[in-house]
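Biologist: I'm new to reading models like this one, so please pick a single part and take me through it slowly. I'd like every term explained as it comes up.

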Amino acid sequence: MQCPKCHAPMHTYNRNGVQIEQCSGCRGIFLDYGELEALTRLESQWSQPAPPPPPAPQAYPAPPAPAWGAPHGGHGGGHYGGHHGGHHRHKSFGHMLFSS
Amino acid sequence: MTTPLLPEITARLKARAHPSTPTCPCPTTTLADRPDTTVVRHAHTVAKAHAPDTPHATLTPRLQTAAHLPDLFLPPLTRTPTTLHNRLVTFWPYGTPVDPDDPDAAPWEAAATLLARLHRTSPPTPVPPMRGPIKTAHAIARLTTATATASATPAASVTAAACPILRAWHTLPAWARAEAPMPDTTTLCHGDLHLGQLVRHPAPDGPWRLIDVDDLGTGVPAWDLARPAAWYACGLLPPDEWTRFLDTYRAEGGPAVPSAGDPWPALDIPARALTVQTAARAVTKAITEDRPLDEIEMSVIDACARMGSVPPQLPPDSAK
């Protein structure tokens with residue numbers, strides 16, 4: 001295509017999956033629909049190398065539980081033995097695991 | 001009661017552990033000494049004194065079942081119990097238990113595999129019914145006694161916690177309260193599965209085997225899955241550990257739950273019963289020790305309270 005401003009030919013470059021047309025004359029850049037948003041998204045990922053992890057317990061749907069069970073996920077939900085993130089279990093639950 | 005029993009068991013144990021040197025210097029360790037059970041270890045041999053009211057006629061076929069199934073159970077050293085001070089005593093090889101300080105290393109897959117295979121095994125010898133429901137009934141009886149005699153305790157809230165437990169107990173069907181035969185009278189079950197019922201044999205790193213034959217028998221196999229199910233339902237066992245256990249059981253062809261879909265119609269009644277049992281034991285213990293209930297115990301009692309508003313689910317084939 002030709003540059004809408006100076007009418008010099010435009011060259012297509014691929015930057016991280018985004019197609020960018022740049023004018024070989026005036027160096028102006030043409031973006032297709034949605035490409036500005038795609039670049040903005042890439043930029044925010046670059047400045048934030050670790051994307052915020054999804055809440056771990058909700059990463060997969062919880063297996064079914066009975067209606068009388070502890071409310072999962074919400075406030076006052078599961079203790080999971082009082083441990084979060086794989087640390088120590090609550091001592092009382094540790095004992096419960098081993099007793100009749 | 002255990003005072004004359006313990007030295008006698010120890011002497012027998014030493015003689016069995018190394019017959020040529022009964023005066024050996026190896027230490028003898030008491031692994032458990034409760035009113036109903038005494039377990040003593042000497043070198044590679046363990047002796048267990050069973051509950052005082054254990055009948056010879058029911059323990060013997062249970063012991064022989066374990067002896068017939070060495071791929072599932074720790075194999076006993078003798079096929080019949082010995083009587084010492086009116087107690088039945090059995091002898092076993094030592095196996096390495098799950099480390100109680102590291103329950104995160106719980107062998108959920110091994111437990112599920114052993115149970116699935118057990119439930120698919122025809123009883124090699126006729127055995128009595130599995131004792132799960134009767135143990136829950138005993139826990140309720142002890143709770144009732146403890147609350148009745150706890151008038152002096154300042155912990156009124158602990159005694160009050162008995163109410164939702166008893167209400168939940170009364171919503172259970174008769175079979176789950178040991179007041180009627182179980183709907184399954186042919187499937188071989190362990191009857192009291194928890195993480196203390198698995199050992200590695202030969203110690204220290206042999207394959208996992210089930211121990212404790214006292215409650216073994218025929219019955220509803222979902223009972224053996226119901227403790228982990230109850231812990232998961234009460235929000236205590238993380239979903240991934242429950243999933244590992246349940247998925248392995250299904251992959252091994254365990255018959256207690258359908259191979260896919262919602263397992264809860266099959267698990268609901270046994271999981272309720274074991275939640276009730278756990279809550280009853282916690283409250284009885286708190287009353288006896290005159291202490292408040294902790295957060296974990298409360299979560300089990302809260303589950304009992306919620307059971308009142310949700311009628312028990314029935315498995316699809318419960319009409320039989």
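Modeller: What follows is a close look at chain B, with a short word on its partner at the end.

First, some housekeeping. Residues are numbered from 1 along each chain as its sequence is written, while chains are lettered from A and ligands numbered from 1 in the order in which they are written. This is a predicted model, where local features need pLDDT of at least 70 and side-chain atom pairs count only at pLDDT 80 or more, though totals for chains, interfaces and linings use all residues.

Let's start with the broad layout. The domain assignment splits chain B into domain 1 (2–93) and domain 2 (103–307); such bounds come from an automatic or database domain assignment. Taken over C-alpha atoms, the centres of these two domains of chain B are 25 Å apart. Where they meet, 15 residues of domain 1 are in contact with 18 residues of domain 2 of chain B (contact means that the C-beta atoms, placed from the backbone, lie within 7 Å). On the domain 1 side, helix H2 (residues 56–68) of chain B gives the largest share, eight residues. Helices (H or I, at least four residues) and strands (E, at least two) are DSSP runs, numbered from the N terminus. That domain 1 side of chain B holds eight nonpolar residues, six polar and one charged. Here Ala, Val, Leu, Ile, Met, Phe, Trp, Tyr, Cys and Pro count as nonpolar, Asp, Glu, Lys and Arg as charged, and the others, Gly among them, as polar.

Now for some strands in domain 1. Strand E1 (residues 28–33) of chain B pairs with E2(B) in the antiparallel sense over five bridges; two strands pair if DSSP finds at least two bridges between them. A hairpin of four residues links E1(B) to E2(B), and Asp33(B) sits opposite Thr38(B). E2(B) also pairs with strand E3 (residues 45–49) of chain B, antiparallel again, over five bridges, and there His42(B) faces Thr45(B).

Look along strand E2 (residues 38–42) of chain B and you'll see an alternation: Thr38(B), Val40(B) and His42(B) point to one face and are buried, whereas Val39(B) and Arg41(B) point to the other and are not. A residue is buried if 20 or more other C-beta atoms lie within 10 Å of its own, exposed if 12 or fewer, and partly exposed in between, with C-beta atoms placed from the backbone. The hairpin between E2(B) and E3(B) has two residues between the strands. One residue to spot in that loop is Ala43(B), whose phi is near 50 degrees, positive although the residue is not glycine. Ala43(B) counts as partly exposed because it has 16 C-beta neighbours inside 10 Å.

Further along the chain, an open sheet of three strands in chain B runs in the order E6-E8-E9, with antiparallel pairing. Strand E6 (96–97) and strand E9 (208–210) of chain B are at the edges with a single partner strand each, so one side of each has no neighbour in the sheet. Three bridges join strand E8 (residues 198–200) of chain B to E9(B), and Arg200(B) stands opposite Trp208(B). The loop between E8 and E9 of chain B includes Pro202(B) and Pro204(B). The peptide bond from His201(B) to Pro202(B) is cis, with omega near 0 degrees, and another cis bond joins Ala203(B) and Pro204(B), with omega about 0 degrees. Most peptide bonds are trans.

What holds the middle? Of the 96 residues in the largest nonpolar core, Ile165(B), Ala226(B) and Val283(B) touch the most other members. Such a core is a set of buried Ala, Val, Leu, Ile, Met, Phe, Trp, Tyr and Cys residues joined through C-beta atoms within 7 Å. Helix H9 (residues 264–289) of chain B supplies the largest share of this core, 13 residues. Domain 1 (2–93) and domain 2 (103–307) of chain B both contribute residues, so the core lies between them. Leaving aside neighbours within four places in sequence, Ile165(B) has contacts that include Leu143(B), Val276(B) and Val283(B).

Finally, the partner: 29 residues of chain B are in contact with 27 residues of chain A. H10(B) gives the largest share of the chain B side, seven residues, and that side has 16 nonpolar, six polar and seven charged residues. Chain A has a mean pLDDT of 72, with 66% of its residues at 70 or more; pLDDT is the predictor's confidence in each residue, from 0 to 100.

Note on methods. Contact = placed C-beta atoms within 7 Å.
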